[in-house]
Amino acid sequence: LRDPQTPPRKQTQLFAIHDLANDYIHTFREKGRPKVCRMIWAVILTTVIGISVYLIWKLLVDFFQYNSFNKSSIVWKDNLTLPAITICSSNYVNYTAIKAEFSKTNDTKKLLGYFDNFLKVVAQFEGRGEIMNHVNVTEVIDLVEWEEKEGFLNILFKNNVGTLLVGKSDYKFKRWGRPIQNWAKIALPTELGTCLELNDNGKFIQSYSGINGGLSLDIDTHVPDYLASTHTKGFYLFIRDQDETVMLNQGGYVIAPGTENFVKLHARNITRLGGNYGTCKDVLSEYARFGKHHETVRECVQHQKI
C-alpha cells in the first residue's frame, strides 16, 4: 500500500455537468502534471518565442540597414538606342554543301549514302541509346574515320547566316539600305553555325516609331540545306543589351520560314539594389567580345550552379 503522506504522481479530478435539455452528462477530466513537466514545457515555449523574436529583429535590422526603393516613371524621349540583335539559323550544318563535296568521288559517294542512312535513323528516334541500337556500326565507323582525316562535318560545312541575306543591301535602317562593312566583327561562329550580331556598338538610334523607323532584314531560309533530322526550320532571334552575352539555349524568338514577323519594343531600365543583396558581385565577364563589361545575373547564377 502507498504511504498516504506521499503525494500521487498525477492528480485526477472529475467534473460532471448534467444537461437537462438533452438528458445526458458532460464529463470533464483535469490532470495535474508534475512540476518538472511544467518546467520543461515552459523552457521549450520560452526558447521558441525567444528564437522567433531574435529572427524577426535580425530581419528588421537587415531590412532597414540599406536604403532601397522601387520607383517607376515614364520618360518621353526624342530618340532611343536600339538594342543589339543576334540572328542565328537553326540549321547548323549545310547539307547541300556536304552532298556536293561527297559527290566528287565514288568513295565519298558511298560515305554520303552512309550519312543519309544515319540521318534517317536519327530522325526516327530521340534518345541516343535508342539510336545506337538501330544504326549500322560499320558505316558509322567509316564516317568517323573520314572525319578524323578531313575534319568534322559541323566545322567544315558550318552554315553562314550572312549568305542567306536577300536584297541589294544587307539590312535596312530607317528605310535606307545599308551594307555590312566588317564581316569579321559582325559574324560570330557558334554551335548553331555563323550568327549575325548587329548594333553591338549602339549606333542605331531610332528617332520615330513604326516599321519605317526601325531595323528590317530579308533572309532566305534555304530549306533544302537542312538535315533530314532537323525538326525546327527557321531562325533564332535574340534581342539583348550591347554588353549582354547571348545564351543560345535560353530565350530568343523562333522565326519560321515563309512568314513576316514584327517585334515591338518597350524600353525599361532595371538596376540592382545597393548593399549586400544577393551573392552576385560586379566582376568582369569571361565572355566579353567587345571591350570589358560586368557579368550579368544569369552568368553569375550559372557559375554558382557549376
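Among contacts between residues at least 6 apart in sequence, what percentage join residues at least 24 apart? In this protein chain the figure is 62%. Keep in mind as you look around that this is a predicted model.

**The whole chain**

Start with everything shown as a cartoon. You should find eight helices and twelve strands in the protein chain. Now colour by burial: buried residues make up 26% of the 306 residues. Switch on the surface, and the chain exposes about 23,300 Å², with carbon and sulfur atoms supplying 55% of that area.

**Stop 1: the largest nonpolar core**

Select I87, I180, I186 and F235. These residues have the most contacts inside the largest nonpolar core, which has 17 residues. Next, highlight β4 (84-89), β5, β8 (193-198) and β11 (235-240), the elements that give two or more residues to this core. In soluble globular proteins, nonpolar side chains tend to be buried together.

Zoom in on I180. Leaving out residues up to four places away in sequence, I180 touches L165, D170, Y171, I186 and L198. Elsewhere, a second, separate core of 14 residues can be picked out by selecting Y95, L143, F157 and L227, which are among its members.

**Stop 2: from β4 through β11 to β12**

Select β4 and β11 together: six bridges join these antiparallel strands. One pair to display is A84 with its bridge partner in β11, R240. Then add β12, which runs antiparallel to β11 and is joined to it by three bridges. Here, show Y236 with its partner V254 in β12.

While you are there, pick Y253, which belongs to strand β12 (residues 253-255). Is Y253 buried, exposed or partly exposed? Its relative accessible area is 45%, so Y253 is partly exposed. Among residues beyond four places in sequence, Y253 touches F235, Y236, L237 and I239. Try a distance label as well: the C-alpha atoms of Y253 and F235 are separated by 8.1 Å, with the two positions 18 residues apart along the chain counted as their separation.

**Stop 3: a three-stranded open sheet**

Move to the open sheet whose strands are ordered β6-β5-β10, with antiparallel pairing. Which strands stand at the edges? They are β6 (176-178) and β10 (215-216); each has a single partner strand, so one side of each is left without a neighbour in the sheet. Between β5 (residues 171-173) and β6 there are three bridges, and K172 stands opposite G177 in β6.

**Stop 4: a buried glutamate**

Select E139 in helix α5 (residues 137-150). E139 is buried yet has no salt bridge. The nearest side chain of opposite charge is K110, 9.7 Å away. Setting aside neighbours within four places in sequence, E139 is in contact with Y114 and N117.

**Stop 5: two positive phi angles**

Most residues other than glycine have a negative phi. Finish with two residues that have positive values. N199, in the loop between β8 and β9 (205-206), has a phi of about 65 degrees. N199 counts as buried because its relative accessibility is 4%, below the 20% cut-off. H222, in the loop between β10 and β11, has a phi near 55 degrees. With a relative accessible area of 29%, H222 is partly exposed.

How values were computed
Residues numbered from 1 in each chain as written. Predicted model: local features only at pLDDT ≥ 70, side-chain atom pairs only at ≥ 80, totals over all residues. Heavy atoms only, no water. Helix = DSSP H or I, 4+ residues; strand = E, 2+ residues; numbered from the N terminus. Buried < 20%, exposed > 50% of the residue type's maximum accessible area, 1.4 Å probe, protein only. Lys, Arg positive; Asp, Glu negative; His and termini not counted. Salt bridge = Lys/Arg side-chain N within 4 Å of Asp/Glu carboxyl O. Contact = heavy atoms within 4.5 Å. Pairing = 2+ DSSP bridges. Core = buried A, V, L, I, M, F, W, Y, C linked by side-chain atoms within 4.5 Å. Areas by Shrake-Rupley, 256 points an atom, 1.4 Å probe, with all protein chains shown as cover.
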